[in-house]
Amino acid sequence: MNDAASKKSLLEALLFAWEDPLQIEKIASILEISAEDADALIEELAKEFQREDRGIRLYRQEEGVQLGTKPEAASYVEKLFSRETAGSLSNAALETLAIIAYKQPVTRAEIEDIRGVNSDRVLENLLQRKLIKAAGRKDSPGKPVLFATTPEFLQYFGLENVDELPPLKKETK
Amino acid sequence: MSYVVKLPVYEGPFELLYDLVRKQEIDIWSVSVTEITAQYLDYLRLMEEFNLEIAGEFLVMAATLLRLKSRMLLPANSEAAVVEETGEGLFSIHSSEELIRRIIEYRAFKLAANYFQKREEEQQKIFFRSTGDPKIMYVTRQETFFFREGMLEKLVSAMKGIMQRKLTREKEPHIEPMEEYNLLERKNLIIRRLSQRQKAVYLDSMLETRSPAEIVTTFIAVLDLTLQKKVRVWQQYNLGPILIEIIPSAFKVGKKEEGNAGNKERETHE
């Protein structure tokens, strides 16, 4: 086994062992290679996982890389988990998240202004799920709390970073 | 044969407005306020018919739309049109352009929410190696179904019966009267009690009801009296009960001072 092949297998072992997304710098330092080499290794491993006869995929996120099942296997893997694990966000939650994602950091009043409804409970919910966080206070009367999205938000929607979001459709048609 | 009617549930007034505009399938800028107001009110009426609770924001929007509509009926330069309305609590929408701009803004985020929903769906097909919690979400999607052809009437009358029984059986809603504590009165009370005793007492003994309002008022009163050096407060050991004692000497001097100070401190009523 050549060096690159053995490093790749080590990378696979690391990703299998680690539950959370693993940062590229960390991989590089553990395997004693440069960040660029680690990046190339990840790319290679990811390609291998793309093969049809593999059930695992390598997913890249802002926080790092992580192993996960392939989407096509969902209907089977699902059976392992209890029913409530498959729940989705409510419309109100999605709407509020969208406003925060694009306008962050943003105050509750600004969110409510756009939605036209009280958003206390939905914000509470999103905070509890760690999809948003309080990110300081606005320098205006009352010093309202500002909300921003979290790394968990990116992970939940499978986004690498906030810049990846498609532009808002603000034009009239 | 009965069939099911699904009444969409809107998160808020802007979602309803956006949906109404969308159904017209016309350019958003050619939307007529009169038309949209009528449709909006129709929907609220429908909700009422189904005995659905109408959130306050929907009514506020109805009022806002009606104000907008009536304002547009007035000639542009008439005196009434110029008068600045306070319209407190209403949405600050004063022209049809503003209304449309708000709907467009809402639409942008609504579309973004749809995008997030799609991503969520895709993402939920992936099970990460992690045992992490992000997969544990509650099902909160809401949809309301209604049955027609007699079913609805039966349902409504059954519901009414239940409500009727509940209302007559249960007590009237009861609200505790708001207790009023006055800082000045509380200070006087403390001084009066302390000068009767002429010795240290537990701060706790100043409390009667132990309601949060009373505790807060008493606490502020004691702080204030300490600041004015009229009482002394201490603990015999760490975290021990708080003792309070009057300072008689300071009190005699205080009398004179208070005499020429003239204006009494302002007291806030809680």
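**Entry 1: strands β1 and β2 of chain A**

Two strands count as paired if DSSP finds at least two bridges between them, and I kept that cut-off beside me as I began with this predicted model. In chain A, I looked up strand β1 (residues 56–61) and strand β2 (residues 64–69), which pair in the antiparallel sense over six bridges. Following the pairing residue by residue, I found A:I56 opposite A:T69 in β2(A). The link from β1(A) to β2(A) is a hairpin of two residues.

I then asked which side chain A:R60 meets in a salt bridge. The partner is A:E43, at 3.0 Å from N to O. This pair links distant parts of the chain, since A:R60 lies in strand β1 of chain A and A:E43 in helix α3 (residues 35–49) of chain A, 17 residues apart. For context I noted that side chains of opposite charge can pair when their charged atoms come close. Over all chains, the count comes to 22 salt bridges.

**Entry 2: the three-stranded sheet of chain A**

Next I traced an open sheet of three strands in chain A, whose order is β3-β5-β4 and whose pairing is antiparallel. I wanted to know why one side of β3 and of β4 is left without a neighbour in the sheet. Both β3 (106–107) and β4 (132–137) of chain A stand at the edges, and each has a single partner strand, so one side of each has no neighbour there. Between β4(A) and strand β5 (residues 145–149) of chain A, which run antiparallel, I found four bridges. A:I132 has A:T149 in β5(A) as its bridge partner. Helix α5 (residues 91–103) of chain A packs on this sheet, where it touches β3, β4 and β5 of chain A, and its direction makes about 95 degrees with that of β5(A).

Two backbone details in the loops of chain A went into the notebook as well. Most residues other than glycine have a negative phi, and most peptide bonds are trans. Against that background, the peptide bond from A:Q104 to A:P105 is cis, with omega near -5 degrees, and A:P105 is found in the loop between α5 and β3 of chain A. The other detail is A:K143, a residue other than glycine whose phi is positive, near 45 degrees; A:K143 sits in the loop between β4 and β5 of chain A.

**Entry 3: the three-stranded sheet of chain B**

Turning to chain B, I found an open sheet of three strands there, in the order β3-β5-β4 and with antiparallel pairing. Its edges are β3 (201–202) and β4 (231–235) of chain B, each with a single partner strand, so one side of each is left without a neighbour in the sheet. β3(B) is joined by two bridges to strand β5 (residues 242–246) of chain B, and the two run antiparallel. Within that pairing, B:Y202 stands opposite B:L243 in β5(B).

On the other edge, β4(B) and β5(B) pair in the antiparallel sense over five bridges, and B:Q235 has B:I242 in β5(B) as its bridge partner. I also checked how many residues stand between the strands of the hairpin that β4(B) and β5(B) form. There are six, and B:L239 in the turn has a positive phi of about 65 degrees.

Two helices lie across these strands. Helix α7 (residues 183–197) of chain B crosses β3, β4 and β5 of chain B and runs at about 80 degrees to β5(B), while helix α8 (residues 212–227) of chain B lies across β4 and β5 of chain B, at about 115 degrees to β4(B).

**Entry 4: where the two chains meet**

Last, I looked up the contact between the chains, which takes 42 residues from chain B and 54 residues from chain A. Chain B and chain A bury about 4600 Å² between them, with 59% of it on carbon and sulfur atoms. The count of salt bridges between chain B and chain A is three; I opened the one in which the side chains of A:E95 and B:K110 meet, at 3.7 Å from N to O. I also noted nine residue pairs in polar contact between chain B and chain A, both residues at pLDDT 80 or more.

On the side of chain B that touches chain A, the elements that give two or more residues are α1 (13–24) and α5 (96–123) of chain B. α5(B) gives the most, with 17 residues. The residues of this side of chain B divide into 22 nonpolar, seven polar and 13 charged.

Note on methods. Residues are numbered from 1 along each chain as its sequence is written. Chains are lettered from A and ligands numbered from 1 in the order in which they are written. This is a predicted model: local features need pLDDT of at least 70, side-chain atom pairs count only at pLDDT 80 or more; totals for chains, interfaces and linings use all residues. Side-chain values use heavy atoms; hydrogens and water are left out. Contact means heavy atoms within 4.5 Å. Axes are lines fitted to C-alpha atoms, for helices over the stretch in contact, and angles run from 0 to 180 degrees between N-to-C directions. Buried area is the accessible area (1.4 Å probe) that two parts lose on being put together, summed over both. A salt bridge is a side-chain nitrogen of Lys or Arg within 4 Å of a carboxyl oxygen of Asp or Glu. A polar contact is a pair of N or O atoms within 3.5 Å; within protein, one must be able to donate a hydrogen and the other to accept it, and residues adjacent in sequence count only if both atoms are side-chain atoms. Ala, Val, Leu, Ile, Met, Phe, Trp, Tyr, Cys and Pro count as nonpolar, Asp, Glu, Lys and Arg as charged, and the others, Gly among them, as polar.
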